[in-house]
Amino acid sequence: MATVAELMEANLLRVFNERDDERRAKAIAETYAPDITFADPEGVVTGRENLDAKAKGLLAESPGFVFSAAGPVLVNHDLGHLAWALGPEGEPPVVRGIDVALVEDGVIKKLYTMLLPA
């Protein structure tokens, strides 16, 4: 069973940073509950399929951009927090944010993304 820290890293790097559909789908199945709730400033989606569509759309809108962790994963029992940056590889990020996740039964049940001011 994955730790909260491992799930937070998988969320950022194996899902939202993965451009290969098959690898991303495998990571989604291993990382999230079937009824995952994902909320970001644009709205709320439920379910693995909708989360996959969200990740795929974000990647399509940002060709050449990569996510990177902007600090360590912070864990408090069943909650995980990870700051991140997004931008062209090797250049300063154009977007920064944080992900906060609630973990249940070894998978992410709820995920919240907040954008940080520029």
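# A first look around a predicted model

A85 makes contact with V66, F67, S68, A70, P93, V95 and R96, leaving aside its neighbours within four places in sequence. This is a predicted model.

User: Is A85 buried or exposed?
Analyst: Let's place the residue before judging it: A85 is in strand β5. Its relative accessible area is 7%, and the cut-off for that end of the scale is under 20%. So A85 is buried.

User: How far apart in space are A85 and V107, C-alpha to C-alpha?
Analyst: Along the chain, A85 and V107 are 22 residues apart. In space, their C-alpha atoms are separated by 23 Å.

User: Which strand holds T113, and is T113 buried or exposed?
Analyst: T113 sits in strand β7. The relative accessible area of T113 is 12%, and under 20% is the mark to beat. That makes T113 buried.

User: Which residues does T113 touch, not counting those up to four places away in sequence?
Analyst: One of them is D99, 14 residues from T113 along the chain. The C-alpha atoms of T113 and D99 are separated by 4.5 Å. The full set that T113 touches is F38, A39, D40, P41, W84, I98 and D99.

User: How are helices α1 and α2 oriented to each other?
Analyst: Helix α1 covers residues 4-15 and helix α2 covers residues 21-31. Their axes are 10 Å apart and the packing angle is about 165°. Anything over 145 degrees falls in one class, so α1 and α2 are roughly antiparallel.

User: Which residues of α2 does α1 meet?
Analyst: Here α1 passes α2 in a left-handed crossing. By class, this contact has 5 nonpolar, 2 polar and 4 charged residues. On the α1 side we find L7, A10, N11, R14 and V15, and in α2 they meet R23, R24, A27, I28, E30 and T31.

User: And how do α2 and α3 lie to each other?
Analyst: Their axes are 11 Å apart, and the angle is about 140°. Roughly antiparallel would need an angle over 145 degrees. The pair α2 and α3 is therefore oblique.

User: How many charged residues does the contact of α2 with α3 have?
Analyst: The crossing of α2 past α3 is right-handed. In it, D21, R24, I28 and A29 of α2 meet R48, L51, D52, A55, K56 and L59 of α3. Sorted by class, the contact has 5 nonpolar residues, no polar ones, and the charged count is 5.

User: Which element gives the most residues to the largest nonpolar core?
Analyst: That core has 22 residues, and those with the most contacts inside it are V15, F16, Y32, L51, I108 and L111. The elements giving two or more residues to it are α1, α2, β1, α3, β5, β6 and β7. The top contributor, with 5 residues, is α1.

User: Which residues is F16 in contact with, leaving aside neighbours within four places in sequence?
Analyst: F16 is among the core residues with the most contacts inside the core. So are Y32, L51 and L111, and F16 is in contact with each of these three. The complete list for F16 is N11, Y32, F38, L51, A55, L58, L59, F67 and L111.

User: Where is H77 found, and is H77 buried or exposed?
Analyst: H77 has a positive phi of about 60° although it is not a glycine. It is found in the loop between β4 and β5. With a relative accessible area of 73% against a cut-off of over 50%, H77 is exposed.

User: Which loop holds D105?
Analyst: D105 has a positive phi near 55° and is a residue other than glycine. At 73% relative accessibility, D105 counts as exposed. Its loop is the one between β6 and β7.

User: How far apart in space are G64 and P88, C-alpha to C-alpha?
Analyst: G64 lies in the loop between α3 and β3. Not counting residues up to four places away in sequence, G64 touches R19, G87, P88 and E89. G64 and P88 are 24 residues apart in sequence, and in space the separation is 5.6 Å.

User: What relative accessible area does N50 have?
Analyst: N50 lies in helix α3, residues 48-61. N50 counts as partly exposed, the class between under 20% and over 50%. Its relative accessible area is 39%.

Terms used:
Residues are numbered from 1 along each chain as its sequence is written. This is a predicted model: local features need pLDDT of at least 70, side-chain atom pairs count only at pLDDT 80 or more; totals for chains, interfaces and linings use all residues. Side-chain values use heavy atoms; hydrogens and water are left out. Helices (H or I, at least four residues) and strands (E, at least two) are DSSP runs, numbered from the N terminus. Buried means under 20% relative accessible area, exposed over 50%, partly exposed in between (1.4 Å probe, protein chains only). Axes are lines fitted to C-alpha atoms, for helices over the stretch in contact, and angles run from 0 to 180 degrees between N-to-C directions. Angles under 35 degrees count as roughly parallel, over 145 as roughly antiparallel, 65 to 115 as roughly perpendicular and the rest as oblique. A crossing is left-handed if the near helix is turned anticlockwise from the far one by less than a right angle, and right-handed if clockwise. Contact means heavy atoms within 4.5 Å. Ala, Val, Leu, Ile, Met, Phe, Trp, Tyr, Cys and Pro count as nonpolar, Asp, Glu, Lys and Arg as charged, and the others, Gly among them, as polar. A nonpolar core is a set of buried Ala, Val, Leu, Ile, Met, Phe, Trp, Tyr and Cys residues joined through side-chain atoms within 4.5 Å.
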